[in-house]
Amino acid sequence: SDANDISRYSRDSMQWAVGNGLVVGTDSGIHPKIEPKAKITRAQLAKIVDAYHFNTNDNKYLDVNDPTVFSELMDEAAFSDGAYAEKVASQLHYLKDKNPKLFDDELSKKDDKTKDAVRILLKMVVPDA
């Protein structure tokens, strides 16, 4: 209902995000609002990130040479649950398989809670990992 508030330069991107279920709006009524001029909350951003992972089922988007990719995915591991945990597990396994040294280097920098979460999720994909 507030589509006209979306800046012209971002309309194609917003259309893609809405069309792929990444952005669903804030009102569950007949005419949901996107509120494109409002500040995004942490919960809204987390929902968009989760939706992106669910809707982008291809590991080719993960840069196996970028330490930030490893680090951020490991941080997500500490907070993932349910079906999302399976997605994170699969991505972690892919990264570990493609660049084990960088994987181990980044994991060594994490706190114990995150290390445990990463190990648990890897066991979901490879039980003897």
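Here is a friendly conversation about a predicted model of a protein chain and how its helices pack.

Student: Let's start with the overall build. How many helices and how many strands does the protein chain have?

Tutor: Happy to. From the N terminus on, the elements run α-α-α-α-α-α. The count for the protein chain is therefore six helices and zero strands.

Student: What box do the C-alpha atoms fill along the principal axes?

Tutor: Of the 129 residues of the chain, 30% count as buried. Among contacts with a separation of 6 or more, 67% join residues 24 or more positions apart. Taken along the principal axes, the box is roughly 50 × 25 × 25 Å.

Student: Now for the packing. Is H3 roughly parallel or roughly antiparallel to H4?

Tutor: Helix H3 covers residues 67–77 and helix H4 covers residues 82–98, and their axes lie 10 Å apart at an angle of about 150 degrees. Angles over 145 degrees count as roughly antiparallel. H3 is therefore, relative to H4, roughly antiparallel.

Student: And how do the residues of that contact divide into nonpolar, polar and charged?

Tutor: On the H3 side we find Val 69, Phe 70, Leu 73, Met 74, Glu 76 and Ala 77, and these meet Tyr 84, Val 88, Gln 91, Leu 92 and Leu 95 in H4. The residues of this contact divide into nine nonpolar, one polar and one charged.

Student: Which residues of H4 are buried?

Tutor: An α-helix has 3.6 residues a turn, so residues three or four places apart point the same way. Among the H4 residues that meet H3 are Tyr 84, Val 88, Gln 91, Leu 92 and Leu 95, and each of these is on the buried list too. The full list of buried residues in H4 is Tyr 84, Ala 85, Lys 87, Val 88, Ala 89, Gln 91, Leu 92 and Leu 95.

Student: How far does H4 reach from its first C-alpha to its last?

Tutor: H4 has 17 residues, and at 1.5 Å a residue the expected value is 24 Å. The reach in the model is close to that, at 25 Å.

Student: Let's move along the chain. Is H5 oblique or roughly antiparallel to H6?

Tutor: Helix H5 (residues 100–108) packs on helix H6 (residues 112–125) at an angle of about 140 degrees, with the axes 10 Å apart. Roughly antiparallel needs an angle over 145 degrees. H5 is therefore, relative to H6, oblique.

Student: Which residues of H5 and H6 make their contact?

Tutor: H5 passes H6 in a left-handed crossing. The residues of the contact divide into four nonpolar, one polar and one charged. They are Phe 103, Leu 107 and Ser 108 of H5 and Lys 115, Val 118 and Leu 122 of H6.

Student: I'm curious about Ser 71. Which residues does Ser 71 touch, not counting those up to four places away in sequence?

Tutor: The place of Ser 71 is in helix H3. Its relative accessibility is 18%, and it therefore counts as buried. Leaving out the residues up to four places away, the ones it touches are Glu 106 and Lys 110.

Student: One last residue, Glu 35. Does it count as buried or partly exposed?

Tutor: Glu 35 is found in the loop between H1 and helix H2, and it has a positive phi of about 55 degrees although it is not a glycine. Buried would need under 20% relative accessible area. At 36% relative accessibility, Glu 35 therefore counts as partly exposed.

Notes
Residues numbered from 1 in each chain as written. Predicted model: local features only at pLDDT ≥ 70, side-chain atom pairs only at ≥ 80, totals over all residues. Heavy atoms only, no water. Axes fitted to C-alpha atoms, helices over the stretch in contact; angles between N-to-C directions. Helix = DSSP H or I, 4+ residues; strand = E, 2+ residues; numbered from the N terminus. Parallel < 35°, antiparallel > 145°, perpendicular 65-115°, else oblique. Contact = heavy atoms within 4.5 Å. Nonpolar A, V, L, I, M, F, W, Y, C, P; charged D, E, K, R; others polar. Expected span 1.5 Å × (residues − 1). Buried < 20%, exposed > 50% of the residue type's maximum accessible area, 1.4 Å probe, protein only. Left-handed = near helix turned anticlockwise from the far one by under 90°.
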